[in-house]
Amino acid sequence: MIFRSNRFSFRSLLSFHRFYSSSQLHDVYIYNSTSKSMEKFQPKYPGTIFWYSCGPTVYDSSHIGHASTYVTLDIIHRILQRVFNYNIVLMMGITDIDDKIIHRSQKENVHYLEISKKYEQEFIDDMQRLNVQSPTLYARVSDHIPLIINFIKKLIDKGVAYACSSGSVYFDMTQYGEKHDYKHHRMNEQGVSSLETDILSEKRNARDFALWKGRDSSSNELKFQSPWGYGRPGWHIECSAMASRTFGSHLDIHSGGLDLVFPHHANEILQSTAYHETKTWVKYWLHSGLLNTKSMDEKMSKSLNNTILIRDMLKTYTPAQFRYFCLMHDYRSPRTFESAAIQQALFVDKLFKAFFDTVQACHKGLIDISSLSEAEVISRISNTQDEIVDVLANNFDTPSAMTRLQELVHWINSHMNYDIRDNEV
């Protein structure tokens, strides 16, 4: 019967199995956040992608804002890998040294690594529950302190960073600007270039941002020895140092949530292009839209106390249903986890499950579908497959792909007019 030979072709459309051999790679176009334009995707080494993703700061349990970001990026990962046949080396950075982690460890009177390891493992477990593929490797800040110090030292040697008497080290925007174009860097509303607590009076320029945050040697807070005194890394330097150790002076993709564009990624670009003495460190920057509250004006954030934990969400919805929710939104657009969007995801989940139940019934001979034209169904499936590859090649347009799938299911259902036979045992 028709469904025996084509059931897996249709299922592959849902799971993004490979449609083409490696000799039939389709041109892919993606939106590059730095150029603010669509660009043809051409990694440095054909067929292989070097990708760095900003991971979580592990000071608390992960919420559905994290789920939205990492499921969305996992969808893109699967499309590039399984539809367009790219080999992907993906590194995820884990921020396990941070003021919030330190404050929590002091409050609970435990070592800071007890806090970070606990919530890192929770994050990894949550990603597994959501069927997010594990990265090729994780990189933790705590494992890379000497590397980060050497990275900063090289920036000082190049004349684009300076140390202060406090032991802090800052990136020198004035010196960098004399040699480079930093059009992607902008001031924030407060007129400074870092969200961290920098001491403005010791900066040479308000735009300068911290690479190393000096700490009093006599204090009890977490600190590491460096050539400039005791301290710990600034937020932005960690990703540049860890990614550069593995990938060198070139990344094909760097990804994260839209809230990381400034200052985090802007500062990464500055310090990394200075370090490698190159105009372009990352070729394509991908940023996923944020999951907002119902007002659409406020992102979901622990600091805003408006979060839903992943584990709590999964008590009500399945990982597949949440993934459908993400698939039905453009990856760059903000989305709200509210009734209408959730109901749409639940409807799609129910539609596909019912369809596959029907396919199984056909295999068991419980349904007579002799009136269905096999040639026409094959043609429909083939055309839909081609259309889906085309829309996914256009900046990973999953909403359009989902529409094509639903149209195919509705068409097949409307043309079946099947009779249910008695199940003889």
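Guide: Let's start with a rule for angles: two helix axes that cross at 65 to 115 degrees count as roughly perpendicular. Keep in mind that we're looking at a predicted model.

Visitor: Why are α5 and α7 called roughly perpendicular to each other?

Guide: Helix α5 covers residues 145-157 and helix α7 covers residues 237-247, and their axes cross at roughly 100 degrees. That value falls in the 65 to 115 range, so α5 and α7 are roughly perpendicular to each other. Their axes also come within 9 Å.

Visitor: Which residues in α5 and α7 meet?

Guide: From α5 you get L147, I148, F151, I152 and L155. From α7 come I237, E238, S240, A241, M242, S244 and R245. Sort the contact by class and you find 8 nonpolar, 2 polar and 2 charged residues.

Visitor: What makes α7 largely enclosed by the rest of the structure?

Guide: The cut-off for buried is under 20% relative accessible area. In α7, 9 of the 11 residues are buried, and therefore the helix is largely enclosed by the rest of the structure. The buried ones are I237, E238, C239, S240, A241, M242, A243, S244 and F247. Right after α7 comes G248, with a positive phi near 75 degrees.

Visitor: How do you know whether R245 counts as buried or exposed?

Guide: Exposed means over 50%. R245 sits in α7, and its relative accessibility is 56%, so R245 counts as exposed.

Visitor: And H144, buried or exposed?

Guide: H144 lies in the loop between β5 (137-140) and α5. Its relative accessibility is 10%, which is under 20% and therefore buried.

Visitor: What joins the side chains of R245 and H144?

Guide: A polar contact of 3.5 Å does. The cut-off is within 3.5 Å, so this pair sits right at the limit and still counts. Along the chain R245 and H144 are 101 residues apart, yet their C-alpha atoms are separated by 9.7 Å. Setting aside residues up to four places away in sequence, R245 touches H144 and L147. With its own neighbours within four places left out, H144 is in contact with A139, M242 and R245.

Visitor: How do you know whether H264 is buried or exposed?

Guide: H264 belongs to helix α8. Its relative accessibility is 2%, under the 20% cut-off, so H264 counts as buried. Beyond its neighbours within four places in sequence, H264 is in contact with C54, W235, H236 and C239. With W235, the C-alpha to C-alpha distance is 7.6 Å, although the two are 29 residues apart in sequence.

Visitor: What makes the link between H264 and H236 a polar contact?

Guide: The side chains of H264 and H236 come to 3.1 Å in that contact, which is within the 3.5 Å cut-off, and therefore the distance fits.

Visitor: Where is the cis peptide bond?

Guide: It joins F262 and P263, with omega about 5 degrees. P263 lies in helix α8, residues 261-276. Most peptide bonds are trans, which is why a cis one gets pointed out.

Visitor: What is the phi of K36 and of N395?

Guide: Both values are positive in residues other than glycine: K36 is near 55 degrees, and N395 is near 60 degrees. For background, most residues other than glycine have a negative phi. K36 is found in the loop between β1 (29-32) and β2 (37-40), while N395 is in the loop between α12 (374-392) and α13 (398-416). At 60% relative accessible area K36 is exposed, whereas N395, at 8%, counts as buried.

Visitor: How many residues does the largest nonpolar core have?

Guide: This core has 117 residues, and L80 and F322 have the most contacts inside it. Its largest share, 11 residues, comes from helix α11, residues 339-363. Not counting residues up to four places away in sequence, F322 touches I64, A67, S68, V71, L130, M313 and F337. In soluble globular proteins, nonpolar side chains tend to be buried together.

Visitor: And how many helices and strands does the protein chain have?

Guide: There are 13 helices and 15 strands. Of the 425 residues in the chain, 53% are buried. Among contacts with a separation of 6 or more, 76% are between residues 24 or more positions apart.

Key: Residues numbered from 1 in each chain as written. Predicted model: local features only at pLDDT ≥ 70, side-chain atom pairs only at ≥ 80, totals over all residues. Heavy atoms only, no water. Axes fitted to C-alpha atoms, helices over the stretch in contact; angles between N-to-C directions. Helix = DSSP H or I, 4+ residues; strand = E, 2+ residues; numbered from the N terminus. Parallel < 35°, antiparallel > 145°, perpendicular 65-115°, else oblique. Contact = heavy atoms within 4.5 Å. Nonpolar A, V, L, I, M, F, W, Y, C, P; charged D, E, K, R; others polar. Buried < 20%, exposed > 50% of the residue type's maximum accessible area, 1.4 Å probe, protein only. Core = buried A, V, L, I, M, F, W, Y, C linked by side-chain atoms within 4.5 Å. Polar contact = N/O pair within 3.5 Å; in protein donor to acceptor, adjacent residues only side chain to side chain.
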